[in-house]
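Please find below a short colleague's note to read alongside the model. Have the coordinates open while going through the points.

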Amino acid sequence: MKGLYCKLGGDQGDVKFVLQETNAPTNIGSHQVKVQVKICALSPVDFKLYEDLRLESELVPVGREISGVVLQVGPKVTFFQPDDEVVGILPLDAELSGLCSVVLIDEYDLVQKPEKVSWFEAAAVIKDGLRAYTALHTLARMAAGQTVLVLDGAGPFGVLAIQLAHYHGVKVLATALSPDDQKFLEELRPSVARVIRVWDSKENLVDSCLEETGGLGVDIIIDSGVRLYEEEGETQSHRPHKHDLLTLLSVGGHWVTTEQHLQLDPPDSHILFLKAASLSFLNDEVWTTSRAKQGRYLHILKDVMDKLSTGTFRPQLEQPVPLYEATVSMEMVQRKQTRKRIVVKL
């Protein structure tokens with residue numbers, strides 16, 4: 001069977017994705033489940049994280065968000081049985097790519113797929129739904145009546161964050177990176193309180209947020225990357241500068257960042273101190289790299305599927321691609337030429 005893997009060059013920027021022939025798993029662990037993969041979602045790979053966790057190898061498996069059917073279970077598995085429809089996220093140390101026909105995965109990394117949810121939707125939403133829960137519930141502790149700013153609101157993660165915030169009675173502001181994103185966000189229901197056109201140089205992010213909140217600022221910021229320096233150029237002009245986000249954060253506010261290299265100077269920290277505000281780093285991989293909160297992790301995955309089943313989550317999905325296009329699709333995802341790709345294994 002074939003799986004998608006990444007070959008690392010001398011430089012982290014020099015990566016090559018290849019479809020590699022691999023052997024089907026034969027031995028199954030006590031708590032493992034053998035799953036026939038139906039759909040696999042492709043998201044960007046954080047190679048630095050693999051290096052930090054010492055998980056580097058000649059071939060790094062790619063494609064970890066899967067949905068499929070249980071073929072076989074280990075002797076001590078209690079959550080599943082053959083023919084169950086499941087969805088889950090392969091751990092970082094998985095040996096097989098999610099694009100393989102069959103994978104082995106711990107029963108604690110899977111949940112049941114609701115009947116009303118398609119294979120396609122389940123695999124496409126599971127990881128971004130986890131990120132939305134981690135950002136808004138675990139880190140920001142959102143509450144009804146608050147105001148949240150979601151940067152890149154039209155992205156797969158941004159859309160689910162907006163819908164989760166709406167579900168809990170939170171007022172939502174969102175940024176649009178293009179006219180198409182603006183149109184999509186303006187048509188969302190429940191509606192976004194304000195769509196901020198960061199692609200339009202005439203519209204200022206800070207002024208728009210302060211105007212919308214009566215000068216008080218937003219309670220929660222969920223970013224999609226931050227400019228650390230003013231001179232980083234026009235290619236990152238859609239990313240706000242860290243000083244802008246500190247300015248528009250309210251008293252007691254929470255800033256959840258995806259920028260792992262964010263640097264705060266003493267004056268920046270002093271602003272956070274004056275506002276009694278907090279900064280959290282969004283790394284949803286901690287759920288599988290540490291088993292400290294395994295029960296909560298499974299509860300989140302199950303709730304993501306429940307909200308998808310009931311229509312609370314309504315993701316923006318692109319057309320799936322066949323397996324032979326997986327290599328090109330993954331290269332586009334890694335270079336951020338497209339936000340996400342879903343590969344059909346049916």
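The points below cover a sheet, a helix that packs on it, and a cavity.

1. Status of the model. The structure is predicted, and the values that follow are computed from that predicted model.

2. The sheet. There are 6 strands in an open sheet, and their pairing is parallel. Read across the sheet, the order is β11-β10-β9-β12-β13-β14. At the edges lie β11 (194-197) and β14 (278-281), each of which pairs on one side only. From one strand to the next, the twist averages 15°.

3. The β9 and β12 pair. Residues 147-150 make up strand β9, and residues 218-222 make up strand β12. These two strands pair in the parallel sense over 3 bridges. For Val150, the bridge partner in β12 is Ile222.

4. The helix on the sheet. Helix α5, residues 205-212, packs on the sheet and touches β9, β10 (171-176), β11 and β12. The direction of helix α5 makes about 165° with that of β11.

5. The cavity. How many cavities of 30 Å³ or more does a search of the whole structure find? The search finds 1. The space in the largest cavity is about 30 Å³.

6. The cavity lining. Which residues line the largest cavity? They are Arg64, Ile89, Lys127, Leu130, Asp284, Glu285, Thr288 and Tyr297. By class, this lining comprises 4 charged, 3 nonpolar and 1 polar residues. Anyone inspecting the cavity can start from Arg64 and Tyr297, which are among the lining residues.

Notes. Residues numbered from 1 in each chain as written. Predicted model: local features only at pLDDT ≥ 70, side-chain atom pairs only at ≥ 80, totals over all residues. Heavy atoms only, no water. Pairing = 2+ DSSP bridges. Helix = DSSP H or I, 4+ residues; strand = E, 2+ residues; numbered from the N terminus. Axes fitted to C-alpha atoms, helices over the stretch in contact; angles between N-to-C directions. Contact = heavy atoms within 4.5 Å. 1 Å grid on protein atoms, 1.4 Å probe; cavity = no way out; pocket = protein on both sides within 12 Å on 5 of 7 lines; lining within 4 Å. Points joined across faces, edges and corners; volume = space filled by probe spheres on them. Nonpolar A, V, L, I, M, F, W, Y, C, P; charged D, E, K, R; others polar.
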